[in-house]
2 protein chains.
Amino acid sequence: MQKSPLQIARQSYKPKMPIALNGHVRLVEGAATQSVADQKEIKELFPNTYGLPVITMEPAQSSAAQSASINVGVILSGGQAPGGHNVIAGLFDGLKALNPANKLYGFLGGPSGLIEGKYQELTADIIDDYRNTGGFDIIGSGRTKLEETWQFDNGIEVCKKLGIKAVVIIGGDDSNTNACVLAEYYLQKKCGIQVIGCPKTIDGDLKNEMIETSFGFDTACKVYSELIGNIQRDANSAKKYWHFIRLMGRSASHIALECALQSQPNICLISEEVEAKNMTLNDIVEQIVEVIVDRANAGLNFGTILIPEGLIEFIPAMRILIQELNDMLANNEEFVALEGDDAKREYVKSMLTPASCELYRSLPKGIARQLTLDRDPHGNVMVSQIETEKLLIEMVGKRLAQLKANGTFKGKFSALNHFFGYEGRCAIPSNFDADYCYSIGVTATHLIAAGKTGYMSLVRNLTKPAAEWIAGGVPITMMMNMEKRNGKMKPVIQKALVDLNGAPFLYLKNHRAEWADANTSYIYPGPVQYYGPTEVCDQPTRTLKLEHNAK
Amino acid sequence: MQKSPLQIARQSYKPKMPIALNGHVRLVEGAATQSVADQKEIKELFPNTYGLPVITMEPAQSSAAQSASINVGVILSGGQAPGGHNVIAGLFDGLKALNPANKLYGFLGGPSGLIEGKYQELTADIIDDYRNTGGFDIIGSGRTKLEETWQFDNGIEVCKKLGIKAVVIIGGDDSNTNACVLAEYYLQKKCGIQVIGCPKTIDGDLKNEMIETSFGFDTACKVYSELIGNIQRDANSAKKYWHFIRLMGRSASHIALECALQSQPNICLISEEVEAKNMTLNDIVEQIVEVIVDRANAGLNFGTILIPEGLIEFIPAMRILIQELNDMLANNEEFVALEGDDAKREYVKSMLTPASCELYRSLPKGIARQLTLDRDPHGNVMVSQIETEKLLIEMVGKRLAQLKANGTFKGKFSALNHFFGYEGRCAIPSNFDADYCYSIGVTATHLIAAGKTGYMSLVRNLTKPAAEWIAGGVPITMMMNMEKRNGKMKPVIQKALVDLNGAPFLYLKNHRAEWADANTSYIYPGPVQYYGPTEVCDQPTRTLKLEHNAK
């Protein structure tokens with residue numbers, strides 16, 4: 001493996017940890033817990049893992065006697081997030097500190113590695129190559145869902161073969177829910193395999209009273225904010241382009257919001273607000289146009305607009321149109337047989353409800369074509385591939401041309417589009433994520449050593465210096481409620497959407513008029529730094545600071 | 001101006017300088033020079049600025065007597081490049097060191113600021129806000145060309161009014177050529193106004209025997225390489241996407257080449273090679289397909305491909321097609337009157353030469369539409385807006401589908417597209433660019449103080465530590481030859497395309513088979529660092545090192 005100078009330098013970085021994790025550790029148990037809602041149903045579904053106490057790690061005077069050696073398996077589940085390798089490094093170091101004979105196995109390619117018995121022992125040599133690096137390439141990730149009994153049973157066989165006493169699942173909300181289902185099942189089966197979850201996702205939507213932030217969100221937002229800042233400086237220098245920037249994060253707008261807090265763009269759309277206000281696509285266009293016209297009147301024909309990836313699906317009327325198209329076009333041979341784009345377009349228009357037809361007609365042709373022609377294997381519109389930033393550019397441009405014709409708009413409008421997602425999911429973790437993830441990994445080993453299962457390994461108090469962080473474990477059932485999924489009620493960890501009454505959104509709301517106006521308020525965050533002064537290198541996100549009222 | 005922590009921290013960075021610039025300076029003149037070609041013509045056009053000696057700065061024992069105070073004007077010309085603000089900061093500090101009464105004026109919005117007398121005095125307060133920052137927003141930039149006598153005469157009036165003795169023009173090849181024309185004119189007019197150029201462009205094509213690199217290339221390539229590395233780590237983790245990444249740099253492929261040297265992607269296209277080998281679009285597609293099939297055979301259905309922005313125009317057959325379309329469609333009312341995309345497409349096909357028609361038919365519809373519908377105000381195809389990466393994805397996908405049908409291709413092909421340009425032009429300058437630019441600025445003040453004109457301020461020996469850099473001045477005429485521009489022979493500084501016999505390209509050529517194959521060779525450069533170890537923070541580009549045989 002040929003390495004860049006920074007890769008080499010970062011290998012020797014020692015992550016900062018909560019003071020409790022630096023020496024001997026003692027687990028302190030709190031009172032019994034209950035789930036955030038639907039207590040009766042959750043308790044019935046999780047008789048063995050419900051009601052467990054929250055656990056806090058505290059420094060201990062002396063070492064517990066060295067335990068018998070244990071083997072642990074680890075799984076990376078779902079989309080990449082910076083810091084995953086450090087969770088594994090923390091697990092490894094934690095296990096070896098407890099007993100040098102302990103072993104760590106990595107299941108390859110995600111949860112399917114456990115089911116199919118594909119694994120690799122992670123030795124010091126391998127771990128050292130991946131310390132403080134981005135990516136999930138150490139063992140690969142995958143999207144197989146651990147949901148079926150036969151999968152769980154396969155897992156038992158594989159673990160028995162390897163002498164694995166505990167499985168650590170690093171994943172998002174669904175993966176952690178499934179980790180708990182697995183823990184419950186293994187307790188029922190009395191097979192002696194513990195399951196511990198770790199909170200991962202760059203989207204930032206795995207967050208609740210117990211989880212301050214999911215790992216990866218910090219680094220990804222900092223990478224996107226670096227780029228947004230660079231583009232803003234360009235916009236403010238060239239003074240001739242509006243940059244429409246779409247940001248990854250399909251179901252929640254945390255990334256767009258955090259990037260806005262870091263860079264102060266002229267406009268930042270928030271899907272949750274669009275939905276709450278029942279806005280139409282035209283409402284959004286008008287809102288953007290208003291800012292563009294105002295800035296043009298002040299002589300500024302440039303600006304930046306942040307657009308959350310999931311926006312389209314949060315516009316109620318669009319959601320209906322997409323549903324109608326999905327219903328209409330799935331396995332529609334009549335449609336497939338039509339020749340030429342124009343004929344297909346006419347066919348679609350003839351089949352939609354009047355309201356959806358009106359919306360469909362108002363869409364730029366390229367987008368309308370994308371809605372009808374590009375479909376996933378199930379025949380559904382591939383919403384995540386819709387270039388919302390181009391859709392908005394085209395519609396805003398059209399509206400501004402009308403306003404120009406009637407004399408209301410006197411400026412110029414040239415726009416450029418960007419989409420940032422894959423640029424940040426595997427970035428080298430920030431010091432924050434490197435420290436946070438490593439601490440989560442070490443914490444997991446203490447939960448395992450204490451025989452805990454159905455817990456999420458968590459570190460809290462994150463707006464303070466790492467030494468003051470609080471490590472511990474939270475019963476996963478505590479974070480669950482019942483939600484409808486594919487028509488059935490299921491126990492799940494609630495996804496955290498942007499809270500329209502929360503401090504981060506209120507900060508945006510209170511400042512966005514100022515950011516939109518002619519006194520350009522851009523902030524230029526620059527690239528993630530690893531070696532400079534603390535105020536540059538060791539800061540959590542603005543979201544976290546605002547939520548915890550920290551400076 | 002609200003600032004990010006890194007913005008604040010970088011304000012106090014003191015750029016490193018050649019040892020000669022740290023104390024008193026003595027100018028050493030070399031022998032008379034001549035232009036790189038067309039000596040007779042260039043000498044005739046530049047009777048007063050031709051044949052001047054190369055100048056080197058050396059440390060002096062004692063200060064020259066403090067000179068009478070002087071005023072200097074500075075212009076930012078053309079596209080942004082990281083470090084422009086530091087050239088200005090170096091100029092400012094250099095002038096104040098010579099005589100605190102010296103003044104620096106910034107002409108606003110590019111060369112038009114000089115012509116129209118739009119300016120601002122740059123005081124210490126203003127300069128301090130922009131030290132070591134990206135962007136050209138301190139005074140703005142512009143693309144007005146300084147070519148006409150009336151413009152030069154206006155400039156004299158403006159300079160006289162402000163008592164300006166010298167104008168510093170920070171720009172690319174054309175702007176520096178024009179700086180020399182201006183210098184010559186002012187000498188002929190004996191108006192006493194000196195003109196000094198500075199070599200700027202992220203494209204890296206302002207480079208020759210005297211200019212080791214233009215400023216901004218270093219930072220921009222490092223930002224793009226950061227993103228490419230992140231995407232590669234993602235590709236290697238998720239193992240399911242081919243990423244097609246287009247990189248800014250329209251006329252030369254230096255950026256794509258440098259990024260390839262830093263990140264080792266599976267494929268890097270080089271426009272100059274495509275042209276030299278007279279390759280067709282299909283040849284390029286086949287070349288990509290071959291690598292994809294080989295990797296699929298090894299079980300790897302992912303990878304990265306770097307594509308220089310200018311590629312399309314370097315494919316001889318495409319250039320002909322574009323020319324035919326430009327000729328055919330300019331002011332073509334018959335075409336405009338046609339209704340529907342299909343009709344327009346048929347019309348175009350009926351009018352092209354057979355070879356171009358064949359190529360046009362082979363293009364994906366979306367691209368074909370772009371070639372005929374989106375046109376600039378002169379009726380020309382907007383080549384820079386063609387999404388070459390999408391064109392290639394579509395054509396490669398089509399070809400792979402054929403190969404799949406006949407059993408030659410057994411893998412999967414999913415592709416994602418990216419374009420990086422505006423993300424890097426205004427990045428916070430790397431230490432290299434911060435140091436280099438500041439040194440260029442200080443050097444310019446010494447050239448001005450010595451009464452020099454028609455010179456470019458240059459710093460060389462850049463693969464060594466900054467203390468060993470050599471500062472000096474090179475007569476701009478020395479770098480000129482005669483080239484046809486818009487049908488007329490003009491004196492110009494040659495644009496440096498990628499040298500297919502140069503060390504950087506040969507390194508790519510010698511390693512690309514290895515980078516393409518199944519033993520993934522990705523390097524992950526990570527973000528630009530300002531505070532870490534020297535090997536991380538103070539390295540020049542790989543291009544520069546290879547060209548100068550440095551380690």
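**Stop 1: a buried proline**

Start by selecting A:Pro111, which is buried at a relative accessible area of 3%. Here, buried means under 20% relative accessible area, exposed means over 50%, and partly exposed is in between (1.4 Å probe, protein chains only). Before moving on, please note that this is a predicted model: local features need pLDDT of at least 70, side-chain atom pairs count only at pLDDT 80 or more, and totals for chains, interfaces and linings use all residues. Residues are numbered from 1 along each chain as its sequence is written, chains are lettered from A and ligands numbered from 1 in the order in which they are written, and side-chain values use heavy atoms, with hydrogens and water left out.

Where does A:Pro111 sit in chain A? Look in the loop between strand S4 (103–107) and helix H5 (112–116). Helices (H or I, at least four residues) and strands (E, at least two) are DSSP runs, numbered from the N terminus. Now show what surrounds the proline: leaving aside neighbours within four places in sequence, A:Pro111 is in contact with A:Ile75, A:Leu76, A:Ser77, A:Gly142, A:Thr144 and A:Leu146. Contact means heavy atoms within 4.5 Å. Add A:Ile170 to the selection too: 59 residues away along the chain, its C-alpha atom is separated from that of A:Pro111 by 9.9 Å.

**Stop 2: salt bridges in chain A**

Next, turn on the charged side chains. Side chains of opposite charge can pair when their charged atoms come close. A salt bridge is a side-chain nitrogen of Lys or Arg within 4 Å of a carboxyl oxygen of Asp or Glu, and the whole structure holds 56 of them over all chains.

Select A:Asp128 and A:Arg131, whose side chains meet in a salt bridge at 2.8 Å, N to O. A:Asp128 is partly exposed at 34% relative accessibility, whereas A:Arg131 is buried at 15%.

Then pick A:Asp174 and A:Arg485, a salt bridge with its closest N and O atoms 3.3 Å apart. A:Asp174 lies in helix H8 (residues 173–188) and A:Arg485 in strand S14 (residues 480–485), both of chain A, so this pair ties together parts that are 311 residues apart in sequence. How accessible is A:Asp174? A:Asp174 counts as partly exposed, at 28% relative accessibility, and A:Arg485 is partly exposed as well, at 27%. Widen the selection to include A:Lys145 and A:Glu483, and you have a network of salt bridges linking them with A:Asp174 and A:Arg485.

**Stop 3: a covered helix**

Which residues of helix H16 (residues 341–351) of chain A are buried? Colour A:Lys344, A:Arg345, A:Tyr347, A:Val348 and A:Lys349 to see them. Then display what covers these buried residues, including helix H14 (316–329), helix H15 (333–337), helix H17 (354–362) and helix H18 (365–373) of chain A.

**Stop 4: an exposed asparagine in chain A**

Go to A:Asn278, in the loop between helix H11 (271–276) and helix H12 (281–297) of chain A. A:Asn278 is exposed, with a relative accessible area of 51%. Check its backbone as well: phi of A:Asn278 is near 55°, a positive value in a residue other than glycine.

**Stop 5: over to chain B**

Select B:Asn461, in the loop between strand S12 (455–460) and strand S13 (470–475) of chain B. Phi of B:Asn461 is near 65°, a positive value in a residue other than glycine, and B:Asn461 is partly exposed at 24% relative accessible area.

Now find B:Glu547 and B:Lys207, which form a salt bridge with their closest N and O atoms 2.8 Å apart. This pair links distant parts of the chain, 340 residues apart: B:Glu547 is in helix H23 (residues 542–547) of chain B, and B:Lys207 is in the loop between strand S7 (194–199) and helix H9 (217–238) of chain B. B:Glu547 is partly exposed at 34% relative accessibility, while B:Lys207 is buried at 15%.

Finish with B:Met395 in helix H19 (residues 388–405) of chain B. Is B:Met395 buried or exposed? At 7% relative accessibility, B:Met395 counts as buried. Leaving aside neighbours within four places in sequence, B:Met395 is in contact with B:Leu281, B:Asn282, B:Val285, B:Ser362 and B:Pro364. For a last distance, select B:Asp376: B:Met395 and B:Asp376 are 19 residues apart in sequence and 26 Å apart in space, C-alpha to C-alpha.
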